[in-house]
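Trainee: Before we move on, please take a single part of this model and examine it closely. I would like one connected account that begins with the chain as a whole.

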Amino acid sequence: MGFLIGITGTVLLLYSEISAVLTVRDLDECAWSGEPTPRELLERQSMWAIGFASSLRPYMSSLGVAGILTGWLVACIPLCSVLADFGMSEAAQSTDCITSMVFFAVLNTFSFAALATGVAWTCTRPWAALILTMIALWANLAQMIMSPFFTIAWALASAGVLVYYLAEIPESKEGHRRPPGFFAYAEPRSRGRASTGTGTPQSRDTEGYV
């Protein structure tokens, strides 16, 4: 049961974040081409790509993370009963067992969610991807060390880095558009005519992403 709940949460999280990534990439393409933003894209933007003000993304992503955490808890907490079957009844009945399983589930949830989200945003918002990947790696380190002090330090450092990103990094700002060519493999090519900068139009007869 825990596995199914976790998979459902993962699907919700990935669907939400990938939808946001694709919407932002399309918005970037419109900005580069100078063409008017289609109405369909504006509707997608309102659902996925205006941060916490989006109509769907915050709720679906949060529900996905909650599902992943619930799946881990459902899978891990019964392990305390397994200890009793192996003659370790004292360990199974102690609060330390439940606490350890909750600690394990929370760290694994945040680690996986941050890593999955970071990978999804790699091609579009590299700073966000880097920060989320670092948070995931630190969570894994906290899990290996199993120290409450290190975990608190990880939580505070992660919160500080996220606040700095939202306050100082340009790509986190509403309406930011990534410059073309920042990642060569992610640069879109649209149908139409584009100026070469010398007054001569240059044909672009392919459509999609490099």
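**A close look at Thr-109**

Mentor: Within the protein chain, 58% of the contacts (heavy atoms within 4.5 Å) with a separation of 6 or more are between residues 24 or more positions apart. The model is predicted, with local features requiring pLDDT of at least 70 and side-chain atom pairs pLDDT 80 or more, while totals for chains, interfaces and linings use all residues. Numbering starts from 1 along each chain as its sequence is written, and side-chain values rest on heavy atoms, without hydrogens or water.

The protein chain has 8 helices and 4 strands (DSSP runs of H or I with at least four residues, and of E with at least two, numbered from the N terminus). Read from the N terminus, the order is α-α-α-α-α-α-α-α-β-β-β-β. Of the 210 residues in the protein chain, 34% are buried (under 20% relative accessible area, 1.4 Å probe, protein chains only).

Thr-109 belongs to helix α6, which spans residues 95-120. With a relative accessible area of 1%, Thr-109 counts as buried. Leaving aside residues up to four places away in sequence, Thr-109 touches Val-65, Ile-68, Leu-69 and Trp-72. For one of these, Leu-69, the separation along the chain from Thr-109 is 40 residues, yet their C-alpha atoms are 5.4 Å apart. The side chain of Thr-109 also reaches the backbone oxygen of Ala-105, at 2.8 Å. Thr-109 thus combines a position in α6 with contacts to Val-65, Ile-68, Leu-69 and Trp-72.

Methods:
Buried means under 20% relative accessible area, exposed over 50%, partly exposed in between (1.4 Å probe, protein chains only). A polar contact is a pair of N or O atoms within 3.5 Å; within protein, one must be able to donate a hydrogen and the other to accept it, and residues adjacent in sequence count only if both atoms are side-chain atoms.
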